[in-house]
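Thanks for coming. I will go through one protein model, starting with the whole chain and then moving to a few residues. Please keep the structure open while I talk.

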Amino acid sequence: MDELVRQAMAKWPNVPHAYGWLGLGMRGDWYLRDEAAQAAGPFSGPGSSAASRGSVLQLEKLVEFIGRNYLVDEQGRWYFQNGPQRVFVELESTPWVLRVEQQGEGYKVCTHTGLPAKVERALCDEEGHVYLVTDHGLGLVHTLDTLVMAEAVEDVVWPLEDVQAATLPERFGYRMSPQKDQQA
């Protein structure tokens, strides 16, 4: 976490949390969800649409700032600590999107925020999406890395275990929609 964020938290400890304003897509993109996007429907799942997703954040420094201050609370809700305010994140799939690349005789894995990740095991759901259980938690393998991941599976680096996608949030302790939880 950035030092300026820590200082802001100490200076203003009682700023209300924000829900629904930020989403994380399946390719590791951050989406800003203004009032119109939120009114158009949920970020993901049934009833979601291009309008309800919001706008992809493309400002490199802002994306890096969000990544450095991306955390999880004790309830499994992922958030961006924006100064003194927690901005809870709507997830399209998992809290992490992972990039996999071949490196020499092995494979290098990192999160969408740039953190190196150590893989514990690999999972594959009924739709063919591949997930890695890492030292940071569960992450979806980025679609651009499907070929590299297939090679890793073929090399038996990480044998695949079958899993049902719907079971992942409970099994790995994360909340897909803190906003929906807040409204319930």
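**The whole chain**

The protein exposes about 10100 Å², and carbon and sulfur atoms supply 52% of that area. Before going further, please note that this is a predicted model.

The protein has seven helices and 12 strands. Along the principal axes, its C-alpha atoms fill a box of roughly 50 × 40 × 30 Å. What radius of gyration would a compact globule of 184 residues have? The value would be near 16 Å, and the protein has 17 Å, which agrees.

Of the 184 residues, 41% are buried. Among contacts with a separation of 6 or more, 55% are between residues 24 or more positions apart. Keep that in mind for the next part.

**The aromatic rings**

The count of aromatic pairs comes to nine. One of them is Y70 with W96, an edge-to-face pair with 5.3 Å centre to centre and 85 degrees between the planes. That pair links distant parts of the chain: Y70 is in strand 4, residues 70–72, and W96 is in strand 7, residues 96–103, which puts the two 26 residues apart.

Are these two residues buried or exposed? Y70 has a relative accessible area of 5%, so it is buried, since the cut-off is under 20%. W96 is buried too, with a relative accessible area of 5%.

W96 has another ring partner, W78. The ring centres of W78 and W96 are 5.2 Å apart and the planes are at 75 degrees, so this pair is edge-to-face. The cut-off for that label is over 60 degrees. W78 lies in strand 5, residues 78–82, and W96 in strand 7, so the pair ties together parts 18 residues apart in sequence. Both W78 and W96 are buried.

Put together, ring pairs link W30, Y70, W78 and W96 into a cluster.

Another ring, Y31, has a charged neighbour: R53 lies over the face of Y31, 4.3 Å from the ring centre.

**The loop between strand 4 and strand 5**

Now to the loop between strand 4 and strand 5, where we find D73 and R77. What is the relative accessibility of each? R77 is at 11%, so it counts as buried. D73 is at 7% and is also buried.

The side chains of R77 and D73 are joined by a polar contact of 2.7 Å. R77 also has a polar contact of 3.4 Å with the side chain of Q75. D73 reaches Q75 as well, with its side chain at 2.9 Å from the backbone nitrogen of Q75.

Which residues does R77 touch beyond its neighbours within four places in sequence? They are Y19, L71, V72, F88, R175, P178 and Q182. With the same neighbours left aside, D73 is in contact with Y79, R86 and F88. F88 therefore appears in the list for R77 and in the list for D73.

For a sense of distance, take D73 and V100. They are 27 residues apart in sequence and 27 Å apart in space, C-alpha to C-alpha.

**Two residues next to helix 5**

Helix 5 covers residues 146–154, and V156 sits in the loop between that helix and strand 12, residues 160–162. Most residues other than glycine have a negative phi. What is phi of V156? It is near 55 degrees, a positive value in a residue other than glycine. At 57% relative accessibility, V156 counts as exposed.

On the other side of helix 5 in sequence is H142, found in the loop between strand 11, residues 137–141, and helix 5. H142 counts as buried, because its relative accessibility is 5%. A polar atom of the H142 side chain lies 3.3 Å from the backbone oxygen of R27. Apart from its neighbours within four places in sequence, H142 is in contact with R27, V97, L98 and R99.

**To finish**

Three things to look for on your own screen. Find the cluster of W30, Y70, W78 and W96. Then find the polar contact of 2.7 Å between the side chains of D73 and R77. Last, compare V156, which is exposed, with H142, which is buried.

Terms used
Residues are numbered from 1 along each chain as its sequence is written. This is a predicted model: local features need pLDDT of at least 70, side-chain atom pairs count only at pLDDT 80 or more; totals for chains, interfaces and linings use all residues. Side-chain values use heavy atoms; hydrogens and water are left out. Rings of Phe, Tyr and Trp (its six-membered ring) pair if their centres lie within 6.5 Å; planes under 30 degrees apart count as stacked, over 60 as edge-to-face and the rest as tilted. Helices (H or I, at least four residues) and strands (E, at least two) are DSSP runs, numbered from the N terminus. Buried means under 20% relative accessible area, exposed over 50%, partly exposed in between (1.4 Å probe, protein chains only). A charge sits over a ring if NZ of Lys or CZ of Arg is within 6 Å of the ring centre and within 35 degrees of the ring normal. A polar contact is a pair of N or O atoms within 3.5 Å; within protein, one must be able to donate a hydrogen and the other to accept it, and residues adjacent in sequence count only if both atoms are side-chain atoms. Contact means heavy atoms within 4.5 Å. The radius of gyration is taken over C-alpha atoms; the globule rule is 2.2 Å times the number of residues to the power 0.38. Accessible areas come from the Shrake-Rupley method with a 1.4 Å probe; for residues, only the protein chains shown count as cover.
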